[in-house]
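Good morning, colleagues. Please turn to the structure that is about to appear on the screen, and I shall take you through its domains, its ligand site and one of its pockets.

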Amino acid sequence: MGGYPSYSVNVSTVAQVQLAINFARNTGVRLLVHNTGHDYLGKSTGANALSIWTRHLNSIEFIANYAGASAHIGSAFKMGAGTQTWELLQAAHEEDVSVLTGECPTVGVAGGYIAGGGMRPLSSKYGLAVDHVLSIDVVTPDGKFFTVDEKNNTDLFWALRGGGGGAFGVVTSVTVSTLPKLKMAGLTLSITIGPNGDVSDDIFWQAIDGQMSWALTPWIVPDMSLDEFKAMTADLRVQWEKLKFNVPLNFFETDNFYEAWTTHFPDDTVGVPNLRTASRLIDDQNWVNPSLLNDTIAFVQRVINNGSSLIGYNIRAATVADAPASATVPIWRDATMFAIVGTMWDAVPEIGQIITNTVV
Ligand SMILES: Cc1cc2nc3c(=O)[nH]c(=O)nc-3n(C[C@H](O)[C@H](O)[C@H](O)COP(=O)(O)OP(=O)(O)OC[C@H]3O[C@@H](n4cnc5c(N)ncnc54)[C@H](O)[C@@H]3O)c2cc1C
């Protein structure tokens, strides 16, 4: 099913989406939706297809006083399907509010992100992006246009929030509730391990035992002051001192999410031909049960010692009171860690090198 589409429609109106869908249905040509192309499995591309490209459905409207099917009181954003994270975060910053997004600036918020549940820096306290969706505009495979919400077409409203991209129709816009402006606190650290590094191998592995703390870019907590953050991490820092795990901790505090996001989140590097990633959601129990914890740390150690990198994201998305049920898989709320293992090989590799580097 791989390869590239034969035709692409650069849509900027709902009517154009309807025309493209009707054309595909009447001619039998394969149809797909392409927004930013961030899908790890390439589901936004496909051989010989007609591709609906949504990037230019990217208007963002701030609604100061939302009035609609949801009981939400307060402000909201209505954004076109092509809106990217950086655009929504910038708009939220200008209105002095926060919104729940991922961290990659160019992921499509109203496309595959919300279709997959949507998680990240604010999730541990404010849940998943789907918990904040108020309504969705969508064109279904029969070419009809619907606004779906808590009162209208509720089954589609449920499915489009977490049920997967490109499965139930072409989303043309999404309305999400805002969160208040949030203070943020955290720290970043970066360490080199080994005889000439900041810490020895031994101390490093003792220090991370049970703490995901070898490189923090960043460790960030929403709605918390720096004093509160320091109090929360005091015991851990005492343990580190005892171990002589003395690495510079760069504490920070901001009075809004946007500044923390633009200053402390690095760009991701994916989409290159000599990098292969795989991911797992690691359950809460792996950090609580001592034997599972040992296995988890041993696994992390094996990955690193085999020359791969492991990127860990704290998840455990909060349950949001009164959020309507969604199709999102429940594990996002029970997993402490979303782990991505990445392995690389030379630009022009020997096949043996790919096999050796990939087996962790
Ligand atoms: C570098 C990077 C960082 C990421 N960070 C995060 C993160 O912090 N949090 C998080 O939750 N996820 C994150 N993701 C995952 C990301 O949310 C998903 O890959 C998502 O599917 C991307 O959606 P897209 O619309 O941008 O991409 P696309 O590849 O264009 O689309 C993805 C899927 O959604 C479908 N789709 C897109 N638009 C529509 C539409 N309007 N109507 C119907 N179907 C549509 C496509 O057909 C495809 O199946 C990240 C991914 C990458 C590559």
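How many Å apart do the C-alpha centres of domain 3 and domain 4 lie? The separation between those two centres is 20 Å. Please bear in mind that we are looking at a predicted model.

Let me set out the domains. The protein chain is divided into domain 1, residues 7-53, domain 2, residues 60-180, domain 3, residues 184-255, and domain 4, residues 275-358.

I turn now to the ligand. Where does the ligand lie with respect to the domains? The shell around the ligand takes residues from both domain 1 and domain 2, and therefore the ligand lies between them. In total, 29 residues surround the ligand, and the closest are Val33, Thr36, Ser44, Gly108 and Met119. By character, the shell around the ligand divides into ten nonpolar, 14 polar and five charged residues.

Next, the contacts made by backbone atoms. For Asp39, a backbone N or O atom lies 2.8 Å from an oxygen atom of the ligand. For Gly112, a backbone N or O atom is found 2.9 Å from an oxygen atom of the ligand. Glu103 also places a polar backbone atom 3.1 Å from an oxygen atom of the ligand. How much of the ligand does the protein bury? Taken alone, the ligand exposes 950 Å², and the protein buries 90% of that.

As for secondary structure, strand S2 (31-34), helix H3 (109-115) and strand S9 (170-177) are the elements that give two or more residues to the shell around the ligand. Of these, H3 gives the most, with three residues.

I come to the second site, which is a pocket. The second largest pocket has a volume of about 350 Å³. Its lining consists of 19 residues, of which His72, Asp131, Val320, Ala321 and Asp322 are the closest to the centre of the pocket. Helix H4 (123-126) and strand S7 (133-139) each supply at least two residues of this lining. The lining residues divide into nine nonpolar, six polar and four charged.

Why does the second largest pocket lie between two domains? Domain 2 and domain 4 both give residues to the lining of the second largest pocket, so the pocket lies between them.

To close, let me place the two sites together. The ligand lies between domain 1 and domain 2, whereas the second largest pocket lies between domain 2 and domain 4. Thank you for your attention.

Conventions
Residues are numbered from 1 along each chain as its sequence is written. This is a predicted model: local features need pLDDT of at least 70, side-chain atom pairs count only at pLDDT 80 or more; totals for chains, interfaces and linings use all residues. Side-chain values use heavy atoms; hydrogens and water are left out. On a 1 Å grid over the protein atoms alone, a cavity is a set of points where a 1.4 Å probe fits but cannot get out, and a pocket is an open set with protein on both sides within 12 Å along at least five of seven lines; lining residues have an atom within 4 Å of a point. Grid points are joined across faces, edges and corners, and a volume is the space filled by probe spheres set on the points. Helices (H or I, at least four residues) and strands (E, at least two) are DSSP runs, numbered from the N terminus. Ala, Val, Leu, Ile, Met, Phe, Trp, Tyr, Cys and Pro count as nonpolar, Asp, Glu, Lys and Arg as charged, and the others, Gly among them, as polar. Domain bounds come from an automatic or database domain assignment. A residue is near a molecule or strand if one of its heavy atoms lies within 4 Å of it. A polar contact is a pair of N or O atoms within 3.5 Å; within protein, one must be able to donate a hydrogen and the other to accept it, and residues adjacent in sequence count only if both atoms are side-chain atoms. Accessible areas come from the Shrake-Rupley method with a 1.4 Å probe; for residues, only the protein chains shown count as cover.
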